[in-house]
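Q: Please take a close look at one helix of this model, at what lies on either side of it and at what follows it. After that, please set it beside the other parts of the same chain.

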Amino acid sequence: MLKIKNLEAGYGKLRVLKRISMHVDPGEIVTIIGANGAGKTTLLYTIAGIIKTMAGEINLLGQTLKKTKAEKIVDLGCSLVPEGRQVFSTISVLENLLLGAYVQSGKNGYDRKQELEKIYNIFPVLKDRRRQLAGTLSGGEQQMLAMGRALMARPKLIMMDEPSTGLAPLIVKDIFQIILRLREAGNTVMLVEQNARAALGIADRGYVLETGKIIIQGPATDLLDNHDVQRAYLGRDIE
Amino acid sequence: MYWEKEKECMARDDLEQLQLERLQATLYRVATHVPFYRKKFKELQIDPDGFRSLDELQNLPFTTKNDLRRNYPYGLFAVPLRDVVRVHSSSGTTGTATVVGYTKNDIKTWSNMTARVLTAAGVGKDDVVQIAFGYGLFTGGFGLHYGAERVGASVIPISSGNTKRQIQIMQDFRTTALVCTPSYGLLLADTMLEMDININALNLRFGLFGGEPWSEGMREEIQNKLHIQATDNYGLSEVMGPGVAGECPERNGLHINEDHFLIEIINPDTLEPVKPGETGEVVITTLTKEAFPVIRYRTRDLTRIIEKPCPCGRTLRRMERVLGRTDDMLIIKGVNVYPMQIEAVLFDIEGTEPHYQIVVEREGRLDKITVLVEVVEEIFFDQMKKQRHLVDHIKKRLASELGIGIDVKLVEEKTLERFEGKAKRVLDKRKL
């Protein structure tokens, strides 16, 4: 699905990602955990084509991404759910969802209505509120809308940047349950999170990102048992 | 039968991606947590963060048994002792012991690796596994024990020794799989035949043998005597213990668990990689070990890689059975001789017993070896002519295999030592 080798990227002269090698297999939930400023969002933005790569290789669904435009990457089948939801608050929920269908519109075999029904199935609350302005939704509902919008493009890989940010613990639990359901429905998820315990709790595998480098990788259950991860990210005092 | 099909049968380029990711994380780990490697990288001006491709492996330094000894006991651990849940020590086959440690995750990985080996050998949850490897500091017993439990088999942790009791338990507990060294497997077989035990009345179906080199002839001998499928497995405590590689029912080479161990074959003299398919020394880099990662550990075991895909469907490459150790190599009249080559010839000859000893002596400035081999009773007692003939025949076969002449002496049945653990086939009488 996604294979990254020795990726370097950043802003201007600042190299944020120093050497990232990672992969996501079809049907997996893979989480990237790390502290603030480790480079998690930069990694997602680089894959999404928003930031240019300085060195290394990204292969998405068998295609090597080289200066590939962001919309082309969505078209290839990779959608990003940005941090802080970033829904268009002054238009309706339905309009927000339809914007997500933009790259697919007019394509053979793409049925907008059918896709909408699928989204409403996963997030019934969005159906109830489809005529409401997105800005009037609660934080959790906005997160669902952002996810629904990304799903409208029928992505093969869905990338989520900190879906738990600013949400109440109960809502976070709901969102993570939905991510699990997305995977059951055959989606592949790459999940960037600061909430390491919650993310590792639902992920198959995880990578620990620190100052632009992957320093630990492995099955999520192993990372939960790894004392370095526990000390640094799970807030567990070993002593 | 696979234990982790998605790993054991993964596409090669996916495997290489995984190996690179894991190696990069391992290099970070040793460079930050193990002073020995930090110093070595600095000396050699290696930037562990600069590692970009598996092809760069050759630039990394070797780790030797001596490095392990010098850092005795815990110097090479990459985690604090409080994260270590198990400590083992090398069997000390040669010289001072070395110490290895495991985190909780390491034990989990290890169990998985031996579960793969056991499953490939045919063992499943309905089997009764008699583990006659030594338990204790030696990794053999515990390593396969945890794997056998993982696959759901019923485990009999009998440990090594007490042959009569082993046989009793094998009968009473209806053992279906035997785990031990090949030499002990043979000793068990011979003892049972001697006791006139009806082998067909046993439930034994599989034998998993490891811990020492053995020949194809010895496999046949064990299979015929015990009526089982005998498979080889490989490992060493310095990189984990058993579970590094194991045979599938094809019995034609051992699948290496390459997603956890990176294997190179080097020429032990030039330290350069050998050409694909050539025999050389096995060098192992661990990819997932937490407590005790090693970079390019020189195992001193000799074998070659079989590049050809295996009909069993596993994509993990195979290594041929271990031919011997670089330090087993004898230089006789300028020719390199491995005990395993001699064993292979002896097992092929009618009238000899599968027990032998190689005596090394020094005459003047030259090393000389004599092979003592047991022969069946009737030859030993009655027929001088037949004896003469047999000696000539063995000498001839050895000469054609090794390219040099070697003395052969026939000895009476059951006069050579038997082994319950690792066999010691070479008696070195040289005073160097």
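A: A good place to begin is the point where the helix has just ended: in this predicted model, Gly403(B) comes just after α12(B) and takes a positive phi of about 85 degrees. The helix that precedes Gly403(B) is α12 of chain B, made of the 19 residues 384–402. At 1.5 Å a residue, α12(B) should span 27 Å, and because its end C-alpha atoms are 27 Å apart, the expected and the modelled lengths agree.

The two sides of this helix can be described in turn. Leu390(B), Ile394(B) and Leu398(B) are buried in α12(B). These three residues cover an arc of only 65 degrees around the axis, and therefore they lie on the same side of α12(B). The other side of α12(B) carries exposed residues, namely Lys385(B), Arg388(B), Asp392(B) and Ser400(B). As for what the buried residues of α12(B) pack against, the partners, which belong to chain B as well, are the helices α10 (339–346) and α11 (377–381) together with the strands β19 (366–375) and β20 (407–411).

Elsewhere in the chain there is a sheet to consider. Chain B has an open sheet of four strands, in the order β10-β11-β12-β15, with antiparallel pairing. Its edge strands are β10 (261–266) and β15 (324–325) of chain B, each of which pairs on one side only. Between β10(B) and β11 of chain B, which covers residues 280–286, the antiparallel pairing extends over six bridges. In that pairing, Ile266(B) has Glu281(B) of β11(B) as its bridge partner.

Chain B also meets chain A, in a contact that takes 16 residues from chain B and 19 residues from chain A. On the side of chain B that touches chain A, the elements that give two or more residues are α2 (12–33) and α5 (104–120) of chain B. Of these, α2(B) gives the most, with seven residues. By residue class, this side of chain B divides into four nonpolar, four polar and eight charged residues.

Finally, the confidence values that accompany this description are as follows. The average pLDDT of chain B is 92, and 98% of its residues score at least 70, while the model as a whole has an ipTM of 0.91 and a pTM of 0.89.

Note on methods: Residues numbered from 1 in each chain as written. Chains lettered and ligands numbered in written order. Predicted model: local features only at pLDDT ≥ 70, side-chain atom pairs only at ≥ 80, totals over all residues. Pairing = 2+ DSSP bridges. pLDDT = per-residue confidence, 0-100. Contact = placed C-beta atoms within 7 Å. Nonpolar A, V, L, I, M, F, W, Y, C, P; charged D, E, K, R; others polar. Expected span 1.5 Å × (residues − 1). Buried ≥ 20, exposed ≤ 12 C-beta atoms within 10 Å, placed from the backbone. Arc of directions from axis to C-beta.
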